[in-house]
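Q: Please take a close look at one part of this model. I would like to know how it is put together, and what lies around it.

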Amino acid sequence: MDALERLTRRASVRRYRPDPIPEADIDRMLAAAQQAPTDASGQLYTILRVRDRGLRERLAHLAGDQRHVVEAAEFFVLLADLYRIERLLAHRGSSPGRFPRMGLHFALVDAALAGAHLAVAAEQMGYGICWIGGVLNRADEVARLLDLPPGVLPVSGLTVGVPDENPAPRPRLPRALVVHTDRYRRYGADDLEAAYRAMAPISKTGDWLKLLAHYFASGGAMEARDPIYGRAKARQGFADDLDASAAEALFVRDVDAGSLAEAVTDLLKKGWRGVLFGQGAFGESEVWIERETEAHRGEGQHPGDALAEAVKAAYPNEG
Ligand SMILES: Cc1cc2nc3c(=O)[nH]c(=O)nc-3n(C[C@H](O)[C@H](O)[C@H](O)COP(=O)(O)O)c2cc1C
C-alpha cells in the first residue's frame, strides 16, 4: 500500500498490543510533528508525552474512562502554547502583546497541525492512533494535573501504539457537502438526507442522528464540556476580557467564570445587587460591587482586573 492509499484507508485504533514503541520510531514521529507548518514560525504548541502510569490512569478517567488511553504504548497531550513565545520575547527584553483571540486561534491550529503530522507519521510507520478529545471533558482538571502555566491550554490527547485490531474505515460525508467551489453552498433537504444515508454505516443501528445528538444536540456532551472549557480557558489566560490572574483570583473566591459577563452574573447570583463599572481619573478601570451594608471598590488596567480587585476586597481571607 502506498502512502496515499494508506491515508485514505486509515481508521482510528482503540485496541492496542502492550508492545512498546522503540525510541527511534518515537523520534521519527516527533521530527515529523515538528516539521508541520506553523503560522509566522511561532510554533505555538507543545507536545506533552505522558509516561507516568498514574497520570495516564487519571487522564483516562477524566476522558470518560477510555481504556485505550492507558493501554496504548504512548499517550500525548497536544497543547496550545503561548507561554513559550512570551518567555522568548521577555528573555530578550521585548514585551509580549495581549492577543487572546488570535493567540487561541493560531495556537489551536499549530497544535492540531503538529498532532496531525505526528498521527500521520505514526500511521505510515504501521502504528495505530486515536485522538482523545475526551480530555476536554475536564480541561480545568487536565490543566491542573499537567501543571500547565498561563498561556497553555489542552487541545486533545493522542494515543499511539501497536494495533490489536484492524478496523474498517469509517464513512464520511458526501464530497459535495464538504468541498464547495467559489461560494459557500447552503444545504437543501436532499443534501441533508444524502448526508444521513452516507453516514448510516457508522453505527450498528444505522442511525447517525443518535451519535450526532449525543455530542452536539441540546443537553449533549459538547454543552456539558463548554462551561468547564470556558473557565479553564479564562484561567489559562485565553479569555477575551479576563486575564489569567483575574480569572484565578475570582476562581479561588468561588466565582468560577469564563468571562467578565459570567463573573458578573455569578456575583449577582451570590447576592451582590449592584456591579458598577466606571473609569477613574487616569483612565484606569474602576469597579464597585455592593450589597445591603457593604460596598467594595477595585481598580485595574482593564474591567476584568478591576472586578477581580473588588472581589478580593470583598473576600479578603480567601485564596
Ligand atoms: C479532535 C478529535 C477528538 C477525538 N476524540 C476521541 C475520543 O475521545 N475517543 C475516541 O475513542 N475517539 C476520538 N476521536 C476519534 C473519532 O471518533 C474518529 O476520528 C471518527 O469517528 C472518525 O473515525 P476514523 O478516525 O476511524 O476515520 C477523536 C477524533 C478527533 C479528531
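A: A good place to begin is a single pair of residues: Leu79 stands opposite Pro154 in strand E4. The model is predicted, so local features need pLDDT of at least 70 and side-chain atom pairs count only at pLDDT 80 or more, while totals for chains, interfaces and linings use all residues. Residues are numbered from 1 along each chain as its sequence is written.

The strand that pairs with E4 (residues 152-161) here is E2 (residues 74-81), and the two run in the antiparallel sense, joined over eight bridges. Strands are DSSP runs of E with at least two residues, helices are runs of H or I with at least four, and both are numbered from the N terminus; two strands pair if DSSP finds at least two bridges between them.

E2 and E4 belong to an open sheet of four strands, in which the order is E1-E2-E4-E3 and the pairing is antiparallel. Strand E1 (45-49) and strand E3 are at the edges, and because each has a single partner strand, one side of each is left without a neighbour in the sheet. On average, and with direction ignored, neighbouring strands of this sheet are turned by 25° against each other. Helix H6 (residues 100-124) packs on the sheet, where it touches E1, E2, E3 and E4, and its direction makes about 155° with that of E2. Such angles run from 0 to 180 degrees between N-to-C directions of lines fitted to C-alpha atoms, for helices over the stretch in contact, where contact puts C-beta atoms, placed from the backbone, within 7 Å.

The edge strand E3 (residues 128-132) also leads to the ligand, since it gives the most to the ligand's shell, with three residues. That shell (C-beta atoms, placed from the backbone, within 6 Å of the molecule) consists of Ala11, Ser12, Arg14, Ala63, Gln66, Cys130, Trp131, Ile132, Gly133, Gly134, Ser156 and Arg170. One of these, Ser156, has a number that falls within strand E4 (residues 152-161).

To place this part in its setting, the protein as a whole comes to 14 helices and seven strands, and its C-alpha trace spans about 75 × 50 × 45 Å along the principal axes. Among its contacts between residues at least 6 apart in sequence, 65% join residues at least 24 apart.

Notes. Contact = placed C-beta atoms within 7 Å.
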